[in-house]
Amino acid sequence: DIHKGVIVEEYIPGKLLRDIVIEVDDVESLKKYFEAAGEISARLHSLGVVHGDLTISNMIVKDLDNTLYLIDFGIASHASDLEDIATDIHVFLRSLESIAPHKATDLFNTFWDKYSEVYGEDAARILKLVHEIRQRGRYVARRQKDLVWKL
């Protein structure tokens, strides 16, 4: 409410996507959530906004209708270039790898298929930047074999 100077937030009853990924062994049943995550992320990035902490811990699946919501925009910002967006994707991927390494490739590829469909032609450049960002960090040798890239 601009006039009162307050932010009104909705409570979303549900589970964090992180908890669902931990509890559910069947990767196929998780893919619908990762398609939704890819679509939401691509729409956000298409508007020039980066979340800043795009993780499966900042996504809630609503109890009533299984809709996926992106939460906690506390460090969101304007994307000044594609590397900002790629950094958001990298953070998402790392969160997935740390919570469910044995599911990460399939779930990230599902996310990426929908993301690239919604984002459009620059998606391939973003994925290339994600790969470059991963090469800059620690444990590079391990990361090179962890994920089957869609490049």
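Me: Let's start with a word: buried means under 20% relative accessible area. Why does Trp112 count as buried in this predicted model?

Reply: The relative accessibility of Trp112 is 5%. The cut-off is under 20%, so Trp112 counts as buried.

Me: And where does Trp112 sit relative to Tyr115?

Reply: Both are in helix α4, residues 104–119. They're three residues apart, which is about one turn of the helix.

Me: Why is the pair of Trp112 and Tyr115 called stacked?

Reply: Two checks here. Ring centres must lie within 6.5 Å to make a pair, and for Trp112 and Tyr115 they are 4.9 Å apart. Planes under 30 degrees apart count as stacked, and these planes are at 20°, so the label is stacked.

Me: What makes Tyr115 and Tyr119 a stacked pair too?

Reply: Run the same checks. Their centres are 5.5 Å apart, against a limit of 6.5 Å. The angle between the planes is 10°, and under 30 degrees is what stacked asks for, so Tyr115 and Tyr119 pass. These two also share helix α4, four residues apart, again about one turn.

Me: How do you know whether Tyr115 and Tyr119 are buried or exposed?

Reply: Tyr115 has a relative accessible area of 0%, so it is buried. Tyr119 comes to 18%, and because the line is drawn at under 20%, Tyr119 counts as buried as well.

Me: Which residues do the ring pairs link into a cluster?

Reply: Phe34, Phe92, Phe108, Phe111, Trp112, Tyr115 and Tyr119. The total is seven aromatic pairs.

Me: Ser41 touches Tyr115. What else does Ser41 touch?

Reply: Leu54, Met59 and Phe111, leaving aside residues up to four places away in sequence. Ser41 belongs to helix α2, residues 27–46, and at 0% relative accessibility it counts as buried.

Me: What makes the approach of Ser41 to Ala37 a polar contact?

Reply: A polar atom of the Ser41 side chain lies 2.8 Å from the backbone oxygen of Ala37. The limit is 3.5 Å for a pair of N or O atoms, so the distance fits.

Me: How is the packing of α3 and α5 described?

Reply: Two packed helices are described by the angle between their axes and the distance between the axes. Here the axes of α3 (residues 82–99) and α5 (residues 123–136) come within 8 Å and cross at roughly 65°. The crossing is right-handed. Nine nonpolar, two polar and six charged residues make up the contact. Among them are Ile85, Ile89 and Leu93 in α3, and Ile126, Leu129 and Ile133 in α5.

Me: Why is Glu121 called exposed?

Reply: Exposed starts over 50%, and Glu121 has a relative accessible area of 78%, so it qualifies. Glu121 is in the loop between α4 and α5.

Me: What makes the phi of Asn66 worth a look?

Reply: Most residues other than glycine have a negative phi. Asn66, not a glycine, has a positive phi of about 60°. Asn66 is in the loop between β3 (59–62) and β4 (68–70). Asp72 also has a positive phi, near 60°, and lies in the loop between β4 and β5 (77–78).

Me: Why are Asn66 and Asp72 called partly exposed?

Reply: Partly exposed runs between the 20% and 50% cut-offs. Asn66 has 42%, so it falls in that range, and Asp72 does too, with 46%.

Key:
Residues numbered from 1 in each chain as written. Predicted model: local features only at pLDDT ≥ 70, side-chain atom pairs only at ≥ 80, totals over all residues. Heavy atoms only, no water. Buried < 20%, exposed > 50% of the residue type's maximum accessible area, 1.4 Å probe, protein only. Polar contact = N/O pair within 3.5 Å; in protein donor to acceptor, adjacent residues only side chain to side chain. Contact = heavy atoms within 4.5 Å. Axes fitted to C-alpha atoms, helices over the stretch in contact; angles between N-to-C directions. Left-handed = near helix turned anticlockwise from the far one by under 90°. Nonpolar A, V, L, I, M, F, W, Y, C, P; charged D, E, K, R; others polar. Phe/Tyr/Trp six-rings, centres within 6.5 Å; stacked < 30°, edge-to-face > 60°.
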